[in-house]
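User: Hi, I'm new to reading protein structures. Could you go through this one with me, question by question?

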Amino acid sequence: MPLDTSTYSLALLRLDGRRWNELRRMHAQISTQPTADGSSYLEMGNTKVICTVAGPAEGRRAGGGGGAGGDATATVQVEISIAGFSGVDRKRRGRGDKRTSEMQMTVANAFANTLFIHLYPHSTILITLHVLSQDGSLLAACLNASTLALIDAGVPMSDYVAACTSGSTSSYSSNDEAADPLLDLNGTEEQELPFLTVGTLGAGEKVSVLVMESRVQAMRLEGMLAVGVDGCKQVKEILDQVVRRHGKKLLLESVRI
C-alpha cells in the first residue's frame, strides 16, 4: 500500500504525529552486559539494537565480519546479526547477506577513523551488534549503539559518532522540486521515500558517515543533508546525557563503598 503523504502539506504532521524536524523517542543504556568489555542497548523509535565490544586484545583476527585497520594499528571488526523476528517479513539473514556486509564495513570504517587505533598495534577491537527490532534508521542505530559501547569499554576516540536519517517528502518519480526534508524516517517512510544516513563527529558539522541507497534529485540533497546534520547534533546531546548519567551513577556507587 503506497504511503499517504497528503498529511504532510495539510497539517505539517507525519503519520506517527511528528513534525518534519522531530526525532523519534530515543532510549539508551550503558553496561547492559557485565561480561563484555563494553556494552549498550539503544532504541530509536521501534528499532532496537544491543551492542557489545571485546578488546582491544591481541590475537583476535577473525575472518568473518567487516574490518578496517592494519598491523601497525588496531583492527576494528564488526559483526551484525539480525534476528529473524526483527522485521515484518520474518526473513533470516545469513552470514553472506550483502546488505549486512555493507553495514558491517560502514561501521568498521567509521570507527577506524575515529578511534585512536594507533595506540593498540597488532590488536583487534570486535564490535558485535544484535538487531532485535527494525523500524527504520537501522544503520544509524548501529552507529549510535557502537559509540556508547566503545565509551563503556574505555577505548579512546576523538569524539562521539552520532548518526540519524533524513529524507524527502516526495519520491524520485514525482519530480517535485518543492519537496520538504524529513528527519529520522521510520520503516514505512523508508520504503516509499528517498533517504540518507548521515553520521557526524560530536556537535560539529564534520561528516564521518554518509550513505544513500535511493535516488533523489540533486537539488533536494543539500536540504536533506542539512536536516540530517542538525539531527545528529540532537542525537549527540542524547548520547552525552546517557554517558553522563551513567558516570554519575558510578561515582555515587564508589562513594557508598
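Analyst: Sure! One term to begin with: two parts are in contact when they have heavy atoms within 4.5 Å of each other. Also, keep in mind that this is a predicted model.

User: Okay, so which strands does helix α5 lie across, and at about what angle does it run to β7?

Analyst: Helix α5 covers residues 218–256. It lies across β7, β8, β9 and β10. Its direction relative to β7 comes out at about 145°.

User: Let's zoom out for a second. How many helices and strands does the protein chain have?

Analyst: The chain has 257 residues, and 48% of them count as buried. Take the contacts between residues at least 6 apart in sequence: 68% of those join residues at least 24 apart. As for the elements, the count is 5 helices and 10 strands.

User: In what order do the 4 strands of the open sheet come?

Analyst: The pairing in this sheet is antiparallel. Strands of a sheet in general pair through backbone hydrogen bonds. Here the order is β8-β7-β9-β10.

User: Which strands stand at the edges, and what does the twist average from one strand to the next?

Analyst: Look for strands with a single partner: β8 and β10 (207–212) each have just that, so one side of each is left without a neighbour in the sheet. That puts β8 and β10 at the edges. From one strand to the next, the twist averages 25°.

User: How many bridges join β7 to β9, and how many join it to β8?

Analyst: β7 runs antiparallel to both β9 (residues 195–201) and β8 (residues 181–183). S166 shows both links: its bridge partner in β9 is L196, and its partner in β8 is L183. The bridge counts are 7 to β9 and 3 to β8.

User: Is strand β7 largely enclosed or largely open, and how many of its residues are buried?

Analyst: Check both faces. V161, A163, T165 and G167 point one way, while A162, C164, S166 and S168 point the other way, and all are buried. So β7 is largely enclosed by the rest of the structure, and the number of buried residues is 8 of the 8.

User: What separates the C-alpha atoms of A226 and S166?

Analyst: A226 is found in helix α5, and S166 is one of the residues of β7. A226 counts as partly exposed, at 47% relative accessibility. The two residues are 60 apart along the chain, and their C-alpha atoms are separated by 8.9 Å.

User: Now helix α2. What span should its 15 residues have, and how far apart are its end C-alpha atoms?

Analyst: Helix α2 takes in residues 98–112, and its buried residues are T100, M103, Q104, V107, A108, A110, F111 and A112. At 1.5 Å a residue, the helix should span 21 Å. The end C-alpha atoms agree with that, as they are 21 Å apart.

User: What volume does the largest pocket have, and which residues are closest to its centre?

Analyst: The volume is about 680 Å³. At least two lining residues come from each of α2, α3 (138–153), α4 (187–192), β9 and β10. Of the 31 residues that line the pocket, the closest to its centre are R99, Q134, G136, G187 and E190.

User: And how much space lies in the largest cavity?

Analyst: The structure holds 1 cavity of 30 Å³ or more. The largest cavity is lined by L23, R24, R25, M26, M44, G45, D184 and V235. The space in it is about 40 Å³.

User: D184 and S31 both caught my eye. What is phi for each of them?

Analyst: D184 lies in the loop between β8 and α4, and it is buried, with a relative accessible area of 1%. S31 lies in the loop between β1 (26–30) and β2 (38–44), and it is partly exposed at 35%. Neither is a glycine, yet phi is positive: near 55° for D184 and about 60° for S31.

Terms used:
Residues numbered from 1 in each chain as written. Predicted model: local features only at pLDDT ≥ 70, side-chain atom pairs only at ≥ 80, totals over all residues. Heavy atoms only, no water. Buried < 20%, exposed > 50% of the residue type's maximum accessible area, 1.4 Å probe, protein only. Pairing = 2+ DSSP bridges. Expected span 1.5 Å × (residues − 1). Axes fitted to C-alpha atoms, helices over the stretch in contact; angles between N-to-C directions. 1 Å grid on protein atoms, 1.4 Å probe; cavity = no way out; pocket = protein on both sides within 12 Å on 5 of 7 lines; lining within 4 Å. Points joined across faces, edges and corners; volume = space filled by probe spheres on them.
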